[in-house]
Amino acid sequence: MDEKLDRQQIVQEYRQMLEPLLKYLPWMERNAGKAASRNYRGQGIDRNSITFPVYDATLLEFVKEASDSALMDRNYDYVYSRNRIKTHEDERRVIASAQLKEWDILRGILSRYVLGGRTKATLWGEAVEENIFILVLKQMRRIVEYWDKTKK
């Protein structure tokens, strides 16, 4: 009985972490596979100047909200090395097979793109183009919904 209560508490905590981010799924689905940024080429910038990405405001809101959430794992590199995740295909495979016990792996993948994007600007756009944000959020939602049903 205690194990069931503990699992219910865990699932409720996961739901509370996840729900604020789910409101961004419709935007992500509309923009799946598309570039989420453009390079700034303002007036007076010549071809020898450094350009920088300008991101969609919704993506920036998502990144900020995700950054501040309990879903972030600053040790995401360890998740990647421990699980031998090297490519987008590896990420997709791991995400698709993730269950409740692999929640931390999903957190690690999400964190790599959210937190890593602060220093490697292309990661946020890459996560949108490669559907990584969508896949992680949907799998997390599936896990929470499945385990919520079993508590009845």
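Where does S67 have its place? Here are some notes for a first look, bearing in mind that this is a predicted model.

1. **S67, where it is.** To take that opening question: S67 belongs to helix 3, which covers residues 57-67. Buried or exposed? S67 has a relative accessible area of 9%, so it goes down as buried, given that the cut-off for buried is under 20%.

2. **S67, what it touches.** Start with the side chain: it reaches the backbone oxygen of V63 at 2.7 Å. Then look beyond the neighbours within four places in sequence, and you'll find S67 in contact with M72, V114, L115 and R118.

3. **The aromatic pairs.** How many aromatic pairs does the count come to? The answer is five, going by ring centres within 6.5 Å of each other. Take Y113 and F133: their ring centres are 6.4 Å apart and their planes sit at 80 degrees, so this pair is edge-to-face. The cut-off behind that label is an angle over 60 degrees. This pair also ties together distant parts of the chain, as Y113 is in helix 6 (residues 103-116) and F133 is in helix 8 (residues 132-150), 20 residues apart.

4. **Both rings out of sight.** Y113 has 0% relative accessibility, so it counts as buried. F133 comes in at 1%, so it counts as buried too. If you're clicking through the model, add Y24 and F62 to your selection: with Y113 and F133 they form one aromatic cluster.

5. **R112 and its rings.** Which ring has the charged end of R112 sitting over it, 5.3 Å from its centre? That's the ring of Y80. R112 also lies over the face of Y113, this time at 4.9 Å from the ring centre. So Y113 is worth a second look, because its ring turns up here as well as in the edge-to-face pair with F133.

6. **A32, out in a loop.** Now for a residue outside the helices: A32 lies in the loop between helix 2 (25-30) and strand 1 (37-39). Its relative accessibility is 32%, so A32 counts as partly exposed; that label covers values between 20% and 50%.

7. **A32 and the far end of a long sequence gap.** How many residues apart in sequence are A32 and E130? They are 98 apart, yet in space their C-alpha atoms are 7.5 Å from each other. Setting aside neighbours within four places in sequence, A32 is in contact with V128, N131 and I134.

Note on methods:
Residues numbered from 1 in each chain as written. Predicted model: local features only at pLDDT ≥ 70, side-chain atom pairs only at ≥ 80, totals over all residues. Heavy atoms only, no water. Phe/Tyr/Trp six-rings, centres within 6.5 Å; stacked < 30°, edge-to-face > 60°. Helix = DSSP H or I, 4+ residues; strand = E, 2+ residues; numbered from the N terminus. Buried < 20%, exposed > 50% of the residue type's maximum accessible area, 1.4 Å probe, protein only. Lys NZ or Arg CZ within 6 Å of the ring centre and 35° of its normal. Polar contact = N/O pair within 3.5 Å; in protein donor to acceptor, adjacent residues only side chain to side chain. Contact = heavy atoms within 4.5 Å.
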